[in-house]
Amino acid sequence: MSTNKLIEEAIKIRERAYVPYSKFQVGAALLTESGKIYTGCNIENAAYPVACCAERVAIFKAISEGETKFQELAVAADTARPVPPCGSCRQVMSEFFDKSMPIHLTNLKKEIKSFTMEELLPFSFETNDLLKN
Ligand SMILES: O=c1ccn([C@H]2C[C@H](O)[C@@H](CO)O2)c(=O)[nH]1
Ligand SMILES: [Zn+2]
């Protein structure tokens, strides 16, 4: 499984985006440690804030199928620069991804910017922070 294949999957699933309001299609492809790919597209709603981003759709699909170990994530949109994930998605990613996990952000020009989870969301709020010392 190559990073390029994962990016191709993100670009392909983007076409399924349900975006009558923003017309902004996003695709995501998440690779598990066992080599399976879970894809996601953004899904909007007439009640605008109910929309779910492509990244979270892919992650929630994988988690709901019992997956727990992830290797790489690719995100694609038709943007001038590789598409940056929103803050809510970064927080959801940080719940399930190791700090060293690579996240590849791309656009349709195939410009790629890769970050680790830690680089995308440093000093993140996590499970241990719920505990008092
Ligand atoms: O990384 C991103 C950024 C935005 N969106 C979606 C949310 C909304 O449907 C549309 C416009 O913000 O794009 C994603 O799915 N992922
Ligand atoms: Zn998001």
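Two residues are in contact, or touch, if their C-beta atoms, placed from the backbone, lie within 7 Å.

**View 1. The whole protein chain of this predicted model, as a setting for the close-ups.** The secondary structure of the protein chain comes to 4 helices and 5 strands, and these elements follow one another along the sequence in the pattern α-β-β-α-β-α-β-β-α. The radius of gyration of the protein chain is 14 Å, close to the 14 Å that the globule rule gives for 133 residues, so the chain is as compact as a globular protein of that length. Along its principal axes, the C-alpha trace spans about 45 × 35 × 30 Å, and 35% of the 133 residues count as buried. If one takes the contacts in the protein chain with a separation of 6 or more, 60% of them are accounted for by residues that stand 24 or more positions apart.

**View 2. E55, the residue at which UniProt places the feature "active site" in an unreviewed entry.** E55 is found in helix 2, and the neighbours that it touches, when residues up to four places away in sequence are not counted, are A28, G40, V75, P85, C89 and M93. Is E55 buried or exposed? E55 counts as buried because 28 other C-beta atoms lie within 10 Å, where 20 or more are required for that label.

**View 3. C53, C86 and C89, which the UniProt annotation "binding site" covers in an unreviewed entry.** Although these residues are spread over 37 residues of sequence, they cluster in space, with a largest C-alpha distance of 8.4 Å. C53 is found in the loop between strand 2 (37-41) and helix 2 (54-64), whereas C89 is found in helix 3, which runs over residues 87-96. With residues up to four places away in sequence left out, C53 touches V26, N42, C86 and C89, while C89 touches C53, E55 and R56. C53 is buried, because 21 other C-beta atoms lie within 10 Å, and C89 is also buried, because 25 other C-beta atoms lie within 10 Å.

**View 4. The surroundings of ligand 1, with the 14 residues that lie around it.** Which of these residues come nearest to ligand 1? They are S22, V26, N42, C53 and A54, and among them is C53, a residue covered by the UniProt annotation "binding site" that was shown in the previous view. When the residues of the shell around ligand 1 are divided by kind, 10 are nonpolar, 2 are polar and 2 are charged.

**View 5. The largest nonpolar core, with its 34 residues.** Within this core, A10, A28, L30 and V75 touch the most other members. Helix 1 (3-13), strand 1 (26-32), strand 2, helix 2, strand 3 (70-77), helix 3, strand 4 (102-107) and helix 4 (117-120) each supply at least two residues of the core, and the largest share, 6 residues, comes from strand 3.

**View 6. V75 and the residues that it touches.** Not counting residues up to four places away in sequence, the neighbours of V75 are A10, V26, A28, A54, E55, V83, P85, L105 and T106. The list includes A10 and A28, which, together with L30 and V75, touch the most other members of the largest nonpolar core. It also includes E55, the position that UniProt gives for the feature "active site".

Definitions and conventions: Residues numbered from 1 in each chain as written. Chains lettered and ligands numbered in written order. Predicted model: local features only at pLDDT ≥ 70, side-chain atom pairs only at ≥ 80, totals over all residues. Near = placed C-beta within 6 Å. Nonpolar A, V, L, I, M, F, W, Y, C, P; charged D, E, K, R; others polar. UniProt positions renumbered as here; feature names shortened; annotations may be inferred. Buried ≥ 20, exposed ≤ 12 C-beta atoms within 10 Å, placed from the backbone. Core = buried A, V, L, I, M, F, W, Y, C linked by C-beta atoms within 7 Å. Rg over C-alpha atoms; globule rule 2.2 N^0.38 Å.
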